[in-house]
Structures are given as structure tokens and as C-alpha cells.
Number of protein chains: 2
Amino acid sequence: MVQTDEQLGAQKKASVFNLEGYFKEKKQLVEKALDKSLSIGQPEKIYEAMRYSLLAGGKRLRPILCLATCELIGGTPEMAIPTACALEMIHTMSLIHDDLPAMDNDDYRRGKLTNHKVFGEDIAILAGDGLLAYAFEYAATQTKNVPADRLLQVIARLGRTVGAEGLVGGQVLDLESEGKTNISAETLTFIHTHKTGALLEASVVSGGILAGASPEDIAKLSKYAQNIGLAFQIIDDILDVTATAEQLGKTAGKDLQAQKATYPSLWGLEKSKLQARQLIDEAIAQLTIYEEKAEPLRAIAKFIITRNH
Amino acid sequence: MVQTDEQLGAQKKASVFNLEGYFKEKKQLVEKALDKSLSIGQPEKIYEAMRYSLLAGGKRLRPILCLATCELIGGTPEMAIPTACALEMIHTMSLIHDDLPAMDNDDYRRGKLTNHKVFGEDIAILAGDGLLAYAFEYAATQTKNVPADRLLQVIARLGRTVGAEGLVGGQVLDLESEGKTNISAETLTFIHTHKTGALLEASVVSGGILAGASPEDIAKLSKYAQNIGLAFQIIDDILDVTATAEQLGKTAGKDLQAQKATYPSLWGLEKSKLQARQLIDEAIAQLTIYEEKAEPLRAIAKFIITRNH
């Protein structure tokens, strides 16, 4: 295939795109917006519990993906930031509930005590509920300069992403699969496309919807997001085997202890790495027509394959 | 005050308004819509758990209030039914989570085993999450013939009603107050206006918003709903003392056992009954300008004060 000047230009720019600087700038924007999104009301304890987990750091990958895609399609950060915050509220809620004793029973998350270890199980359940409800309220009331019908599409998408067709369904199958030694790659992929992939896809797609993306754009963005989502999970599984607890900020080797099926346990480390690589290459291939405007999304895809924590 | 012919006519009609028939008809409509709203997908267990509690009966008071108000303001049942279902999904989610061992630890609800007793704590938490998320998705995608900006207002209202400013905040203060013997009427009212009142108010107000109610209408409807919400709770407390377990379909005298503050424990039975009566009278006074069109809302207010289960 002969490359056009634009494509070569885009590739040259790719090699100098400063993802670290981009992440730093966007993360700052997101942290500031999250902090502002939720002030302390009455009763204080529930707001403190919600803020404890919402402001516990993390990569803020989902909000950043939403901002990046909105800009790619020609929107402004202002159009996307309330939805970006809503995505992080939803992600935080899913972590709080997943960590509960009745679920994965985790004591630490991102190097800090989990929500229920600090505030108790009852408050942790309610903090999750509160964050989930607030995500919808916040996106619905704070989004500016976006037509109402687009915003409704985003809200519908967020709802589908969390529910039984998304996060919740993935978590149920994950719980059902625990301790089973005969999990197929198909089941494992169902779990991950629902539990992790759905929200990453919603992050990418909602940024596009807010900016007025065409159905063709949405199809490309969906494919990009599905691929980086699955690659993200494969790399997560690989890191659980190869990284140290210090690098992860959570207990390493936990999947092995819990006898959880993982891609490395099904495929071995080498095939897992190869699959992740292929998924990322296909993801990047979706972005060709956007030329240099897609540099942040390209760099994020490459970051997923090279991260060590 | 001299009454007009219309007012006298409305009063005469009030005495013959058949609330039982109205409830039966609307409840049928709601039951059918709820059943249709959620079909079984994969993994089956989570859909079964969601359906188990969503279709467990109950008065369907919140959806009926939403339908009644929408019609009062001139809307059609079709405009309101998706939001009516969403309100019941939210109500069901709050019951599932409230019943959990980490919260009120209830084994029975509406005469049936609670969700976690049948499906386990993990699935019960996720069924609640799934219903909450689906409520927003369902209202956003299924509502027809309503302008998008009105629907966004309804979604924002639903979010606020569930979150820390509503149900969640009320439940936290309720949990914090348990076992304390010095709860004030002010605190008790905060708990109830948030835990029960907020969703009843959202039910009434959202029906109005969908139909295009004016700010004046919304103010009247809010006051009506706040009053019947608080009266509803006072009567609930009274029934916990005076009704039998069979009538309630749940353990009677439970508040007393749990040393929960109630209106009868603060005010005594007689003053509690009088307060409920006054609240209902004030609620009905808000409806005067709507004349006979408000008969269903008037009859519902009267039903709340006379119900025995």
C-alpha cells in the first residue's frame, strides 16, 4: 500500500507525540472537575465515602478517552467534561461494589484501604449507589452546548453499560466462573467485554456522540474501543503474573490464588502478548482517516500495550 | 368561602370516585409494562434476580402517581409509562439494597423471601445496581412523544432522588440513628423526606414534567407530594405498632424491636394520626384549581390516611 504524504506526516508526528504530557494535562483537568463535582453535604459521612473513592487517583483513562474522542470529532472539552466525570463516577462505583466482602473481598485498591474497610459495608454499598445515581444527574444537568437528543443518547448508553448487559452482567459471570477450572476463552472474553470493555467503549463512543459523530465514525470508534478494551484486560492478566504488588498498588498473583481463569492461564504468556498486540494494531487501523487528529487515541492504544502497572 | 358550582360538582364526584377500580386498571397497565420491560438475557441469573423483585407485586403507588399526574396536566399514559416503570425499578433497587445483611437485614419483603435470601448477597447487590442503571436507560430510550429537554429534566430528577440528596442520604441517616434513643422529630423527618418522600415527590413531579407542567403546577404538585409522602411514613409507623404481620406482609413491631425512632414513639399514636390528617388536608388543598381532573390524586391522598396495610 502506497502511503500518502498526510499518512507519512501523521506517522512522523506519532513518533514525537508526547503522551505523558497529554495525560498529565487531561488528568489535571479531570481531577479538578471531579473535585468540584461533589461537595460535602448532609449527612457528611456519605459524601466523604463517595469522595474518598472518587478522588483516590488512578489513571482516569475513561474520562481521558471521552475527552480525546470528543475533540477528535470536533467537539470541545467543555462539551465532554460532565460525561467524563460521570464515566469516572460509574467506574468508581463498580470498584467499590466489586471490592465488597460479598464480591471480591478486597482490602486494598490503588494502595489505599477499600471503601468498606474505611466506612463499613453499609456505607460502601450506599456510596456506590449514590455515585451511580449522581453520574446520570451530573451528565444530565451539567452538560452545556450539546443538543438534548445527543445527551439522551449518551445517558441511554451509560445506563446500558452499567446494567445487566454490561458491567453487572460481566461481574455476575465472573463470580459464577470463580474456582471453575474449565472456563473457555469465549466465557473469559464475555466477562471482560462486559465487565471492563463496555465502559471503555462507552467512554470512547460517548465522546463521539456528544460531538455529533456520524454512524460511520461511531462504528470505527466502537471497534477501536472494543479492541483496546480487550487488550487492556489481557495485559492486566499478564501484569498480575509478572508485575510486583508495589507496581500494581494491589495484591499481585491474586487471580492465581483465587483460581481465576486468565488469558495467560488459557493461552500462555507469549500467545497472550501476541493477541494483545494484534488487537492494538487493529484498533490503530480504525483511526487512519482521522490522520494526525487521532494521535492521542493512537498513543493511548500504544500505552495500553506497553504499560507495566 | 363561597364554593362555585364546579367545586361543588367536584366534591360530589369525589364521593363517587372509584379508587379501587382506578388502582386496579392502572396497576394492570403498570404490571404489564414492567413484565415487558425486562426480558431474560445472559447470564440468566441476574435477570431472574432483577425480575424476582421487580415483579413481586406491591401497590405500584409510584408509577400510578406518575401516570395520574401526567394525565392531570394533560399528557397521555403512553408519555408517562416508561418513567413510571423507571420509578418502580428505582424503588425496587432501594428495597433490595435496604434488605441486605449489611443494612436492615430483612428476610422477608411483601410476604416473600428477600432477594439476597434467594440469590445470595453478591447477586442481590448487582441486581440492585442493574435495576438502577436500567431505570435511566429505560426512561431515556422508551419514552415517546416527549421533547428531549423535558425527558432530560426527568432523568436529572430521578438521579437526584436516588443519590446522597435523596434515598441514599436518608438511608445513611437512618442507619446512623438506629439504636439511638434521642432522635428528634427533625432528624426523623429528614430521614423520611429523603428515604421515602423524595421518590414519591419525583413520581408526582416527573409525571407533570413529562406533560409540560408550568412552574406553578410543579410547585403545587411538589407540595402535594411532600405532604402525602410524610403522611405515608407516619401511617407506616402507626401501622407497624397497630397492624398484624399478616396485614403487612412483613414482620410487625420490627421498628420497636430495633429501637428505631418513629412518630408514635415521639408523639404518641393520637398526635401522629392528627399530624397525618393535617398533612393530607393540606395536600388536597393544593389540588383545588384542577377541579374534577384531580380526583385520582385526591383519592390517593385519602387512601394513604385510611389504609391498613
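Q: How many residues does each chain give to the contact?
A: In this predicted model, 43 residues come from chain B and 43 residues from chain A; two residues are in contact if their C-beta atoms, placed from the backbone, lie within 7 Å. Local features need pLDDT of at least 70 and side-chain atom pairs pLDDT 80 or more, while totals for chains, interfaces and linings use all residues. Residues are numbered from 1 along each chain as its sequence is written, chains are lettered from A and ligands numbered from 1 in the order in which they are written.

Q: Which element gives the largest share of the side of chain B that touches chain A?
A: That is H7(B), with 14 residues; helices are DSSP runs of H or I, at least four residues, numbered from the N terminus.

Q: And which surface does chain A use?
A: The copies meet through the same surface, because 100% of the interface residues of chain B are also interface residues in chain A.

Q: What turn lays chain B on chain A?
A: A turn of 180° with a shift of 0.0 Å along the axis does so, at an RMSD of 0.0 Å (least squares on the C-alpha atoms of residues with pLDDT of at least 70 in both copies). The two copies are therefore related as by a two-fold rotation axis. In chain B, the C-alpha of Ala148(B) is nearest the axis, 2.8 Å from it.

Q: Changing topic, at what angle do H4(B) and H5(B) cross?
A: Their axes cross at roughly 155° and come within 8 Å; axes are lines fitted to C-alpha atoms over the stretch in contact, with angles from 0 to 180 degrees between N-to-C directions. H4(B) and H5(B) are therefore roughly antiparallel, a term for angles over 145 degrees.

How values were computed:
Helices (H or I, at least four residues) and strands (E, at least two) are DSSP runs, numbered from the N terminus. Angles under 35 degrees count as roughly parallel, over 145 as roughly antiparallel, 65 to 115 as roughly perpendicular and the rest as oblique.
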